[in-house]
Amino acid sequence: MILNALINAFKGESDVADGANKKKKKIKGSVVLMKKNVLDYNDFQASIVDRVHELLGNGVSLQLVSAINGDHENGHKGKLGKPAYLKKWITTLSSLTAGETAFKISFEWDEEEEAVPGAFIIRNNHGNEFYLKTVTLEDVPGEGRIHFVCNSWVYPADCYKYDRVFFRNKTYLPSETPTSLRYYREQELVNLRGDGTGELQEWDRVYDYDFYNDLGDPDKSPEHVRQTLGGSSEFPYPRRGRTGRPPTKTDSKFERRMNLLMSINVYVPRDERFGHLKMSDFLAYALKALGQVVKPVLKVKFDDTPGEFDTFQDVLDLYEGGLPMPSGLIQEIRENVPPSMIREMFRTDGERFLRFPMPHVIKEDRSAWRTDEEFARETLAGVNPLIIRRLQEFPPTSKLDHKLYGDQTSTITEAHIKNNLEGFSVDEALKNNRLFIVDHHDAFMPYLRRINTTSTKTYASRTLLFLKNDDTLKPLAIELSLPHQDGDQFGPISKVYTPAKHAAEGTIWELAKAYAAVNDSGYHNLVSHWLNTHAVIEPFVIAANRQLSALHPIYKLLEPHFRDTMNINALARQTLINAAGILEMTVFPGKFAMEMSAVVYKDWVLTEQALPVDLIKRGMAVEDPYSPHGLCLVIEDYPFAVDGLEIWSAIKTWVEDYCSCYYKTDEMVQEDPELQSWWKELKEVGHGDLKDKQWWPKMLTCQDLTDTCTTVIWIASALHAAVNFGQYPYAGYLPNRPTVSRRFMPEKGTPEYEELEKNPDLAFLKTITAEMQTLLGVSLIEILSRHASDEVYLGQRDNPEWTTDSNPLQAFEKFGKKLAEVEKRIMNRNNDEKLKNRVGPVKFPYTLLCPTSEEGLTARGIPNSISI
């Protein structure tokens with residue numbers, strides 16, 4: 001019997017299959033999959049085990065499901081064809097590195113009884129999982145070629161309590177789904193929702209919600225306890241994906257954390273994990289982020305002033321010369337890092353550990369970053385161009401509760417700024433839209449007293465700017481505020497600094513800009529980037545997979561924009577935003593960081609994330625039906641807004657064209673049960689802490705649908721690209737965007753002031769981010785700012801056959817062409833010398849919203865999704 005199995009296996013046949021029925025049509029096809037692998041190595045043990053299973057007749061079977069004819073005796077489920085088996089599993093060898101393998105397959109199909117296939121059931125009888133990419137059927141009677149886009153890990157059959165089903169690349173609203181496929185459509189969603197219990201395993205495909213109760217580690221020490229985010233009015237938060245890990249021993253309210261080196265295996269549904277190329281790229285650069293491993297060795301490596309940069313040249317040495325591999329580091333790595341990762345960490349691609357690429361902001365000019373012109377320009381064309389707003393009242397006021405915090409009105413007066421208003425009075429400057437502000441006062445003031453009990457010593461800042469005739473900005477004043485020593489209710493203690501260039505006053509002004517940059521860096525990391533893109537999108541990912549079938553048009557529209565988001569967020573919770581994680585170690589709010597972001601989330605409004613609405617809210621644009629995009633920018637040369645509005649418009653047109661193919665009336669939106677369930681769950685569970693807010697769209701009209709989908713795609717693609725991929729280019733040189741300040745502004749008569757007068761550069765460097773924090777912070781943002789080799793950009797799909805519907809395909813092609821035109825216009829604007837904000841003193845053109853990119857650190861490119 002085994003001998004027969006062996007002979008048949010090599011012939012590509014199986015004992016399990018019956019003899020051919022010559023009266024039935026043979027449908028031939030191909031199956032493309034990737035066998036199990038670890039990193040870039042084939043798992044030979046898995047290969048051997050699978051071949052043994054194959055020899056014993058336990059192969060991989062597929063059964064076609066009719067899209068036309070249902071089985072009346074089986075609940076009208078589509079009739080099933082006979083199982084067919086992948087041919088020549090044993091003799092079809094994959095490459096030495098992980099890659100795709102194509103198998104032939106042949107189905108018996110009764111044209112009259114079973115008609116046209118609409119789905120298939122796959123059963124993996126091997127001992128190991130594989131990644132199923134596509135299945136293609138040729139010469140199907142009445143149809144010709146039928147394609148299935150799968151992109152899913154298929155585990156051994158005994159891992160599932162249900163059949164694995166894949167649908168062809170057709171699109172159906174729920175009401176239009178063929179009767180024979182409805183059960184499979186509905187049951188697949190039931191499977192993906194799970195039952196809400198138990199610890200989820202790698203083969204589980206469950207999408208479920210949980211609070212952020214996994215950031216702290218009370219079992220480690222009281223210092224590692226962190227607030228649960230979500231589920232309360234005090235600390236509301238978007239939901240994360242549930243893992244089901246057991247509670248901590250110390251406190252059952254918190255979820256037990258994983259060992260650091262196991263963090264890469266944190267649960268997310270298997271299909272949400274990085275693909276093998278992305279994981280390989282990610283690990284290749286992850287060594288630089290292993291702060292917990294490297295930190296003890298680095299501490300003793302440096303000079304006789306450990307922890308400090310002594311000169312700006314010391315900082316430049318990180319990029320120009322690199323640091324020698326510290327003694328003992330290799331041994332530390334070998335003791336703490338799994339052997340399978342070692343090869344990735346020491347790839348032979350020219351990278352040297354502790355030598356960093358030259359950040360774009362100092363590539364052309366090593367000192368231009370220090371100019372007031374560049375400081376102001378980066379509010380419009382930097383990594384956080386979302387905060388600046390037009391000042392509409394003077395002096396600036398506060399929204400903090402007067403009873404709790406006293407009078408927080410700004411102390412900036414006309415006397416501070418009148419000499420720099422180019423002939424305008426303050427009232428005239430306000431009326432002529434010449435005054436702008438970057439205001440971080442209210443966000444940080446409530447936490448400053450606690451923050452400043454740590455090693456951090458910082459302020460809440462307001463930066464006032466003036467719009468010059470050439471459309472560039474110049475800083476007028478920076479206000480730095482501290483809580484009153486007698487109590488918050490007495491208001492702040494504030495001091496205002498104005499531009500100066502010479503002697504000690506010049507250094508004081510440089511430090512004032514640095515404190516303002518520290519505020520902006522903290523807000524950027526916590527809010528503009530993490531909260532407003534990563535965290536708010538995750539509930540959309542979860543709700544879509546739980547409530548929208550893979551056949552649903554809105555699922556097909558949004559799915560590319562959800563790729564890898566759950567995975568990168570889960571990894572962030574393990575190593576980045578957790579207690580004593582890299583964010584707490586390198587960004588000034590420290591252990592209060594995530595709690596602060598929860599307070600900011602109270603005011604998050606989905607509809608205000610739409611770029612036109614955001615610009616109007618900040619006073620950076622006014623409605624104008626005669627202007628492009630219906631808006632007139634107050635600062636015409638505002639690179640983020642100019643480029644962003646073109647991207648927004650392209651996305652909006654694409655979404656409207658696509659949705660109009662399926663939703664002809666508002667009633668169709670209202671009567672779509674999957675769409676309504678998705679929206680209800682997203683509001684009431686995914687963003688449940690804000691469910692009673694009146695701003696939520698009702699999802700009753702086509703306009704509600706297209707506006708929402710446009711905003712979701714904008715957040716996941718262009719908005720994330722704008723705040724992420726410029727991190728290393730702008731902040732890889734930490735003096736330009738320091739993340740921490742370690743001492744207060746020097747006062748006259750103190751040793752610190754005397755040092756400032758004698759050695760201003762040293763005083764500056766001893767105030768901002770320390771050497772160790774710089775190394776960890778720069779290491780992190782280098783990883784986060786890189787594009788992976790398998791990135792899929794806006795206007796692209798990883799499979800051109802994602803749908804069979806011609807109108808959406810044509811609309812998508814038009815979308816791609818429009819984005820290519822936008823990219824050309826961006827490059828043309830960067831070459832226009834009249835547009836001074838596009839390049840600036842540092843000679844670094846604004847390209848963050850160019851749609852396409854090469855792999856690596858490019859400062860351009862809009863991936864479809866939040867994938868890093």
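**Exercise 1.** In this predicted model, work out whether Cys-632 counts as buried, partly exposed or exposed.

*Solution.* Start with the cut-offs: buried is under 20% relative accessible area, exposed is over 50%, and partly exposed lies in between. Next, take the value for Cys-632, which is 33%. That falls in the middle class, so Cys-632 counts as partly exposed.

**Exercise 2.** Now do the same for Cys-850, and find how many disulfides the structure holds.

*Solution.* Cys-850 has a relative accessible area of 0%. The limit for buried is under 20%, so Cys-850 is buried. As for disulfides, the count is 0.

**Exercise 3.** Classify how helix α15 packs against helix α17, then describe their contact.

*Solution.* Two numbers are needed: two packed helices are described by the angle between their axes and the distance between the axes. For α15 (residues 503–547) and α17 (residues 565–575), the angle is about 125 degrees and the axes lie 9 Å apart. Perpendicular stops at 115 degrees and antiparallel begins over 145, so α15 is oblique to α17. The crossing of α15 past α17 is left-handed.

Then look at who touches whom. On the α15 side the residues include Trp-530, His-534 and Glu-538; α17 brings, among others, Met-566, Asn-569 and Arg-573. Sorted by class, this contact has 8 nonpolar, 3 polar and 2 charged residues.

**Exercise 4.** Zoom out: what does the secondary structure of the protein chain come to, and what share of its residues is buried?

*Solution.* Tally the elements and you get 29 helices and 20 strands. Of the 868 residues in the chain, 61% are buried.

Note on methods:
Residues are numbered from 1 along each chain as its sequence is written. This is a predicted model: local features need pLDDT of at least 70, side-chain atom pairs count only at pLDDT 80 or more; totals for chains, interfaces and linings use all residues. Side-chain values use heavy atoms; hydrogens and water are left out. Axes are lines fitted to C-alpha atoms, for helices over the stretch in contact, and angles run from 0 to 180 degrees between N-to-C directions. Helices (H or I, at least four residues) and strands (E, at least two) are DSSP runs, numbered from the N terminus. Angles under 35 degrees count as roughly parallel, over 145 as roughly antiparallel, 65 to 115 as roughly perpendicular and the rest as oblique. A crossing is left-handed if the near helix is turned anticlockwise from the far one by less than a right angle, and right-handed if clockwise. Contact means heavy atoms within 4.5 Å. Ala, Val, Leu, Ile, Met, Phe, Trp, Tyr, Cys and Pro count as nonpolar, Asp, Glu, Lys and Arg as charged, and the others, Gly among them, as polar. A disulfide is a pair of cysteine sulfur atoms within 2.5 Å. Buried means under 20% relative accessible area, exposed over 50%, partly exposed in between (1.4 Å probe, protein chains only).
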